[in-house]
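Subject: Structure handover

Hello,

Here is the structure we spoke about, for you to look over. My notes on helix packing, the core and a few single residues follow below.

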Amino acid sequence: MVKKMLKIGITFRITSAETYDEKRDSLSHDWPIFLEKIQAIPIWIPNSVINLEQFLQEIDLDGIILSGGDNIGQTPERDKTEIKLIDYAINKNIPIFGVCRGMQVLNKFFGGEQEFLNNDTHVGNNHSIKIKDESFSKLINSTDVLVNSYHRNIISVNSLAEILTPFAFSDIDNTVEAFVHSKLPIIGVMWHPEREQKLFDEKILGSI
């Protein structure tokens, strides 16, 4: 019997068309390729759906990815869509995987704060992270991995929501690079797994 593929909903960033006066939802081509590797079907979640809850009920997702791009507050339509998504996923016990901005959205949703760097130490600077949780270090068979970095917004231990547990820290400045919710199937990572598509990323995403 053919194994049923997971249906994973994924959010879009909002961009402006160069030659048209309109907003568009955008997503890197890396994401479908990455999701196929973990036997998942990508389901696009537009930012303009009026009845989002009905839309989500019809597509019956197995998981949700809050993708990267944009700063919180920069695109109100996206902010509103992702807040509704998180509420829906919690009520239905659907796993959530937040990437970069998505991780920051989750932290803010649960009462945390974000901080802004005035330097480029995390922008385009691949660096090592320390995995300081035994379950995750055993999962990926390592306590030290190299990740990419494209952000200026950071999360420190002090600005992390209390209900979120950090399990990876940056070697650059000990900021939080990944967390897991203490009760719900929710994980956030600050790097972009879709851009490198390493085996440890597949294992972390598959662990939710």
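In this predicted model, helix H3 (residues 76-92) packs against helix H4 (residues 101-109), with the axes 11 Å apart and at an angle of about 65°. An angle of 65 to 115 degrees counts as roughly perpendicular, so H3 and H4 are roughly perpendicular to each other. Their crossing is right-handed. On the H3 side the contact consists of Arg78, Asp79, Glu82, Ile83, Ile86, Asp87 and Ile90, which meet Arg101, Val105, Leu106 and Phe109 of H4. Sorted by class, the residues of this contact are six nonpolar and five charged, with no polar ones.

H4 itself is mostly covered, with seven of its nine residues buried. The buried residues are Arg101, Gly102, Met103, Gln104, Val105, Leu106 and Asn107. Three of the names on the H4 side of the contact, Arg101, Val105 and Leu106, are thus also in the buried set. After H4 comes glycine 111, which has a positive phi near 105°.

H3 also packs against H2. The axes of H2 and H3 come within 10 Å and cross at roughly 50°, an angle that makes the pair oblique. This crossing, too, is right-handed. H2 contributes Leu52, Glu53, Leu56 and Gln57, and H3 contributes Thr81, Lys84, Leu85 and Tyr88. Here the classes are four nonpolar, two polar and two charged residues.

One residue of that contact can be followed further. Glutamate 53 sits in helix H2 (residues 52-59). Its relative accessibility is 47%, so glutamate 53 is classed as partly exposed. Between the C-alpha atoms of glutamate 53 and glutamate 77 there are 15 Å in space, with the two positions 24 residues apart in sequence numbering.

Next, the pair H1 and H7. Helix H1 (residues 30-37) and helix H7 (residues 199-206) have axes that come within 10 Å and cross at roughly 75°. That angle makes H1 roughly perpendicular to H7. Phe34, Leu35 and Lys37 of H1 make the contact with Asp201, Glu202 and Leu205 of H7. By class there are three nonpolar and three charged residues in it, and no polar ones.

Lysine 37, in helix H1, is partly exposed, at 42% relative accessibility. Leaving out residues up to four places away in sequence, lysine 37 touches Gln197 and Glu202. Lysine 37 and glutamate 202 are 165 residues apart along the chain, yet their C-alpha atoms are separated by 7.8 Å.

The other partner of lysine 37, glutamine 197, lies in the loop between helix H6 (193-196) and H7. Glutamine 197 has a positive phi of about 55°, although it is not a glycine. With a relative accessibility of 15%, glutamine 197 counts as buried. Asparagine 174 is likewise a residue other than glycine with a positive phi, near 65°. Asparagine 174 lies in the loop between strand S11 (164-170) and strand S12 (176-181). At a relative accessible area of 42%, asparagine 174 is partly exposed.

On the core: which members of the largest nonpolar core touch the most other members? Among its 51 residues they are Leu56, Ile65, Leu66, Phe97, Ile131 and Trp191. Of these, Leu56 also belongs to the H2 side of the contact with H3. In soluble globular proteins, nonpolar side chains tend to be buried together.

Leucine 66 has contacts beyond its sequence neighbours up to four places away: Thr11, Glu82, Leu85, Ile86, Ile96, Phe97, Gly98, Val99, Gly102, Val105 and Leu106. Several of these names have already come up, including Glu82 and Ile86 from H3 and Val105 and Leu106 from H4.

Last, serine 137, which is found in helix H5 (residues 134-140). Serine 137 is buried, with a relative accessible area of 13%. Outside its neighbours within four places in sequence, serine 137 is in contact with Ile131, Ser142 and Thr143. Ile131 is one of the core residues named above.

Regards

Conventions:
Residues are numbered from 1 along each chain as its sequence is written. This is a predicted model: local features need pLDDT of at least 70, side-chain atom pairs count only at pLDDT 80 or more; totals for chains, interfaces and linings use all residues. Side-chain values use heavy atoms; hydrogens and water are left out. Axes are lines fitted to C-alpha atoms, for helices over the stretch in contact, and angles run from 0 to 180 degrees between N-to-C directions. Helices (H or I, at least four residues) and strands (E, at least two) are DSSP runs, numbered from the N terminus. Angles under 35 degrees count as roughly parallel, over 145 as roughly antiparallel, 65 to 115 as roughly perpendicular and the rest as oblique. A crossing is left-handed if the near helix is turned anticlockwise from the far one by less than a right angle, and right-handed if clockwise. Contact means heavy atoms within 4.5 Å. Ala, Val, Leu, Ile, Met, Phe, Trp, Tyr, Cys and Pro count as nonpolar, Asp, Glu, Lys and Arg as charged, and the others, Gly among them, as polar. A nonpolar core is a set of buried Ala, Val, Leu, Ile, Met, Phe, Trp, Tyr and Cys residues joined through side-chain atoms within 4.5 Å. Buried means under 20% relative accessible area, exposed over 50%, partly exposed in between (1.4 Å probe, protein chains only).
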